[in-house]
Amino acid sequence: MSAESSERALHAGTGASYAAAGVDIEAGDRAVELMKEWVKKTQRPETAGLGGLGGFAGLFDASALKRYERPLLASATDGVGTKVDLARKMGVYDTIGHDLVGMVVDDLVVCGAEPLFMTDYICVGKVHPERVAAIVKGIAEGCVLAGCALVGGETAEHPGLLGEDDFDVAGAGTGVVEADRVLGPDRIRKGDAVIAMASSGLHSNGYSLVRHVLFDRANMSLDEQVEEFGRTLGEELLEPTKIYSLDCLALTRTTEVHAFSHVTGGGLANNLARVVPDDLHAVVDRSTWTPGPVFDLVGKAGRVERLELEKTLNMGVGMIAVVPEASVDAALTTLADRGVDAWVTGEITERGDRTTGAELTGDYAS
């Protein structure tokens, strides 16, 4: 530092502080206190009595894994993308965490793993304790629905990098599956049935396209009432991601399952192809369901071609199960008993000269 610079620094005024730089440690501490009650609701037997929120690491009693012959740990991490911007604009913070859990645990369950615990990361421009607590409330409620514990996380304040009301969320989850019960391509056989499970809406993918179409091109507003939805556009777009993990695990207990596919970014065909072996092909019949009105709105408002919609959005199907033909009735009964809207939507055939592992055929039911 030059002498001139040193002189300027010496006479710059009062000493610098973390608070003056925009980081409010007291607000962060208050946020932790507000979120504790929600995190406590996610406890599993393996986390009870092993410390609370505020430590440097979350603890999980791994002795519970002794009941497995060869336990394999599964891990997954994700965020919710630009859906957080809609939550910010609407001032609704207690649903976005639900989305986060769904995106993580439903990736874990695809291999047959039971979600055990999650950690989260919340990055904000300024800590508003009540907002942070509301986000964690949503994460905790999602963890309860998924049967996993929320064992810890991090709230980071980034003044100057993010605006005061800006935020983002991410999470990581760990699950466990018996080695000889791992689901995937090696189990799938020709003649297997493809069962679709309905989504709750857009879930948390494709929002860059959705926002561009509805707001930039169609000039719609979040508080606009949409007759087809029976609510405002914003309420429809913030509909939380459906969490399927316990439903999928119930299927593995009640009948034979060969594979699952979580329909996220890339759409139904691309995600289903990820679990289909190289010599086989999944054929999905569009006529077996009608996509919800939000998909129709996005398509018409942006004049988006069907194939573009299908490779971006879930089109009304959030999870796929591939089961032997003999297991179809039991699988559908289990899902119906759990309140999951599900139906047979296709089958597994030989690959032949096809270049992809899955395709959609026919037209959607009107």
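**Note on the structure**

1. In this note, two residues or elements are said to be in contact when they have heavy atoms within 4.5 Å of each other. Helix α8, residues 245-254, lies across the strands β5, β8 and β10. The direction of α8 makes an angle of about 170° with that of β8. The model under discussion is a predicted one.

2. As an overview, the protein contains twelve helices and twelve strands. Of its 366 residues, 51% are buried. Among contacts with a separation of 6 or more, 84% are between residues 24 or more positions apart.

3. One sheet is open and consists of six strands, in the order β8-β10-β5-β11-β9-β12, with mixed pairing. Its edge strands are β8 (259-262) and β12 (358-361), and each of these pairs on one side only. From one strand to the next, the twist averages 25°. As general background, the strands of a sheet pair through backbone hydrogen bonds, either parallel or antiparallel.

4. Within the six-stranded sheet, strands β5 and β10 deserve a closer look. How many bridges join β5 to β10? Six bridges do so, between residues 193-198 of β5 and residues 317-323 of β10, and the two strands run antiparallel. M197 has M319 of β10 as its bridge partner. Helix α12 (residues 328-337) packs on this sheet and touches β5, β10 and β11 (342-350). The direction of α12 makes about 10° with that of β5.

5. A second open sheet has four strands, in the order β1-β4-β2-β3, and its pairing is also mixed. The strands β1 (71-79) and β3 (149-157) stand at the edges; each has a single partner strand, so one side of each is left without a neighbour in the sheet. On average, neighbouring strands of this sheet are turned by 15° against each other, direction ignored.

6. The pairing of β2 with β3 may be followed in detail. Strand β2, residues 114-124, is joined to β3 by eight bridges, and the two run parallel. D120 stands opposite G153 of β3. Helix α4 (residues 96-108) packs on the sheet, where it touches β1, β2 and β4 (167-178), and its direction makes about 145° with that of β1. Helix α5 (residues 129-146) also packs on the sheet. The strands touched by α5 are β2, β3 and β4, and its direction makes about 165° with that of β2.

7. Two helices, α6 (residues 207-217) and α10 (residues 293-302), have axes that come within 9 Å and cross at roughly 55°. Are they parallel or oblique to each other? The helices α6 and α10 are therefore oblique. Their crossing is left-handed. The contact is made by V210, V213, L214 and R217 of α6, together with L297, V298, A301 and G302 of α10. By class, the contact of α6 with α10 comprises six nonpolar residues, one polar and one charged.

8. T232 belongs to strand β7, residues 231-232. Is T232 buried or exposed? T232 is buried, because its relative accessible area is 12% and the cut-off for a buried residue is under 20%. With neighbours within four places in sequence left aside, T232 is in contact with L222, D223, E224 and Q225.

9. One of the contacts of T232 is D223, which is found in the loop between α6 and β6 (225-226). The relative accessibility of D223 is 61%, so D223 counts as exposed. D223 and M90 are 133 residues apart along the chain, and their C-alpha atoms are separated by 8.6 Å.

10. A273 is placed in helix α9, residues 267-273. Its relative accessibility is 23%, and A273 therefore counts as partly exposed. Which residues does A273 contact, leaving aside its neighbours within four places in sequence? These residues are G357 and A358. In sequence, A273 and G357 are 84 residues apart, while their C-alpha atoms are 4.4 Å apart in space.

Conventions. Residues are numbered from 1 along each chain as its sequence is written. This is a predicted model: local features need pLDDT of at least 70, side-chain atom pairs count only at pLDDT 80 or more; totals for chains, interfaces and linings use all residues. Side-chain values use heavy atoms; hydrogens and water are left out. Two strands pair if DSSP finds at least two bridges between them. Axes are lines fitted to C-alpha atoms, for helices over the stretch in contact, and angles run from 0 to 180 degrees between N-to-C directions. Angles under 35 degrees count as roughly parallel, over 145 as roughly antiparallel, 65 to 115 as roughly perpendicular and the rest as oblique. A crossing is left-handed if the near helix is turned anticlockwise from the far one by less than a right angle, and right-handed if clockwise. Ala, Val, Leu, Ile, Met, Phe, Trp, Tyr, Cys and Pro count as nonpolar, Asp, Glu, Lys and Arg as charged, and the others, Gly among them, as polar. Buried means under 20% relative accessible area, exposed over 50%, partly exposed in between (1.4 Å probe, protein chains only).
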